[in-house]
Amino acid sequence: MSVILGINTFHAGASAALIIDGQPVVALAEERLNRVKYFAGFPKLAVLRCLEIAGLTFADIDAVAVGRDSSANLHKKLEFAIRNPAKLLNLARIRSKSKTFDDLKSLIAAECEVDKNSLKFQTYNVEHHLAHTASAYFASDWDKSAGITVDGSGDFVSCLLSECEGDEIRPVQRIFVPHSLGTLYTAVCQFIGYPKYGDEGKVMGLAPLGTDVYQGFFENMLKPTKNGFTLNPDYFLPFGANQGMEINDAGEMIVHRLYSDLFFKELGEPREKHGEITQRDEDVAFGLQRIFERYYMHILNLLHEKVPTERISMAGGCALNSVANGKMLVETPFRETCIQPAAGDDGLALGAALYVSNSILKEGKRWEMKNSYLGDEYSDSVIKTELERYKISYKELSREELIDRTTDEIKNGNVIGWFQGRMEWGPRALGNRSILAHPGFPNMKDILNARIKHREWFRPFAPSVLQERQRDIFEQDHPSPFMLHVYKIRPEWRERLSAVNHVDNTGRLQTVARDENPLYYDLIKNFESKTGIPIILNTSFNENEPIVCQPFQAIECFLRTKMDVLVIGSFFCKKDTAD
Ligand SMILES: [Fe+2]
């Protein structure tokens, strides 16, 4: 038996993944366990829980892989330091700190309080973007594809283009920082009042409300080159060797201001974090998404010239830009995408472990990711104990009754907390830790926001659609099992799907296949039989916090918010009724 532990540590989205004989058996982000969003410290709880779920100990681990390699691209780091002497000391400091991270055995022994002498594993550092690429390509059943990873930065690179074949990932082009589409996106988000790590998705949702008045501004910020693009340094503050990020004592990611004073001159004052969103902010969001898409497509077309195939494996934070992912299927020669759900840095744990299994150890046991359910699971007996501890009245129902009662509640406009099976890997709730609602009920978006989610008014909610009905409702038919593509909703469905139809008549869908989640599929199917709509609104089960992981977190969220019903395991709980 071969056991590989992958970790993403001291980086946003700290996480752990365990692979046995080439097959991932569990993968968890630390934030779900320690409740610190995008936690960027050591993923101690995730590592311990991975081993517990797999029934293994530290002594059973043969290899530990981490998705960072401080020696990668060293020549580029030195070039940068020579050009920016003031940053040299900072770079040296970071490099000496990285060295301690590179001694993984000591790190794990210290963080997890185990005897270092009991650890027999080999350790592997996998370059950040290779780990990203591996997290996608080695989750497919393809024997060949192009690979693209785009993010802010990782190991001094912001974009890697590669040729993936058999058990190898061959880099064909790197774009080095400071030239970075991720940095550009983050900088503009900061300016319009979204300064936190991970806020980029909100601005993507704001973009369709704007108009194209800042084209000139964005055109000046970067220019295409034959191998990618360059950013205009006048628009950005030099972000130094720490690549514009810092981790505070609580393990939270702090992003420094990235935009220069030129933004003030050309756009006026930045929006305060909780200030009113103006037409200017909407227009800036529009311009940002548009320029991002243009350069994303430019790089994808370059990649296709180097690796001419219709299949593409995609990762990095920018692969979460589901709007661009939908458009690339019609605007570039690529026709099939493989994007695993943890496309951001949380996915590095899985990617580093898959890279070691396939490309370094050549274990020859490829894995195909069919669903995202790699997390925690709780039995009915554990759930029942928790419900009784919180004095919640419940009904234990058969599978059929559970589906039928839940369907009726959704049909009647109630909001359901739905906690079932293994937790999803990656940032999206995909039918196991979800809040469910009617996709066309009047004002459902406002109801959800007022009662539970408290999200920005402009952000859309997502539809989960039966796989075989996708084409009837959406204009594109490439499946999107992990909610990573946005497609246009067909005109005849827009009114009936008012709660999930965004302002530009699109939806960020989840394609639901019965084989991958029979319970969730059957629920939607039953909803279709009662309403004629093969779609349920699906949003993550949380209230301004990481998605719930354990039963008690779901119960507390149910009690704290104005959720109507909690369906947890086989138990049906409804507020304000005798039953
Ligand atoms: Fe990354």
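Donors of a metal site are taken here as N, O and S atoms within 2.8 Å of the metal (3.2 Å for Na, K and Ca), and since water is not among the atoms, sites may look incomplete. The structure is a predicted model, in which local features need pLDDT of at least 70 and side-chain atom pairs count only at pLDDT 80 or more, while totals for chains, interfaces and linings use all residues. Residues are numbered from 1 along each chain as its sequence is written, and side-chain values use heavy atoms, with hydrogens and water left out.

The donor residues of the iron ion follow the sequence spacing H-x3-H-x18-D-x193-D. Coordination is provided by H128 (NE2), H132 (NE2), D151 (OD) and D345 (OD), at 2.1 to 2.2 Å. The angles among the four donor atoms run from 86 to 167°, and the site is irregular. Under the criteria applied, four donors count as tetrahedral if all angles lie between 85 and 135 degrees; four count as square planar and six as octahedral if opposite donors are over 155 degrees apart and all others between 65 and 115; anything else is irregular. Distant parts of the chain are linked by the pair H132, in helix α6 (residues 128–137), and D151, in strand β6 (residues 144–154), which lie 19 residues apart. Helices (H or I, at least four residues) and strands (E, at least two) are DSSP runs, numbered from the N terminus. H132 is buried, with a relative accessible area of 0%, and D151 is buried at 5%. Buried means under 20% relative accessible area, exposed over 50% and partly exposed in between (1.4 Å probe, protein chains only).

Strand β6 also belongs to an open sheet of five strands with mixed pairing, ordered β8-β7-β6-β13-β14. Because β8 (168–176) and β14 (336–338) each have a single partner strand, they form the edges, and one side of each lacks a neighbour in the sheet. From one strand to the next, the twist averages 25°. Two strands pair if DSSP finds at least two bridges between them. Strands β6 and β7 (residues 157–165) run antiparallel and are joined by eight bridges, with A146 having E163 in β7 as its bridge partner.

A second open sheet, also of mixed pairing, contains nine strands in the order β15-β23-β22-β16-β17-β21-β18-β20-β19. Its edges are β15 (395–396) and β19 (485–488), each with a single partner strand. At one of these edges, β19 pairs with β20 (residues 506–512) in the antiparallel sense over four bridges, and K488 stands opposite T506. Within the sheet, all five residues of β17 (residues 433–437) are buried: R433, I435 and A437 point one way, and S434 and L436 the other. Strand β17 is joined by four bridges to antiparallel β16 (residues 416–419) and by four bridges to antiparallel β21 (residues 535–540). L436 is the bridge partner of I416 in the former pairing, and has N538 as its partner in the latter.

Among the helices, α13 (residues 348–360) is mostly covered, with twelve of its 13 residues buried, including L348, Y355 and N358. Helix α13 is followed by K362, which has a positive phi near 50°. The axes of α14 (residues 380–389) and α20 (residues 551–560) come within 9 Å and cross at roughly 40°.

Terms used: Axes fitted to C-alpha atoms, helices over the stretch in contact; angles between N-to-C directions.
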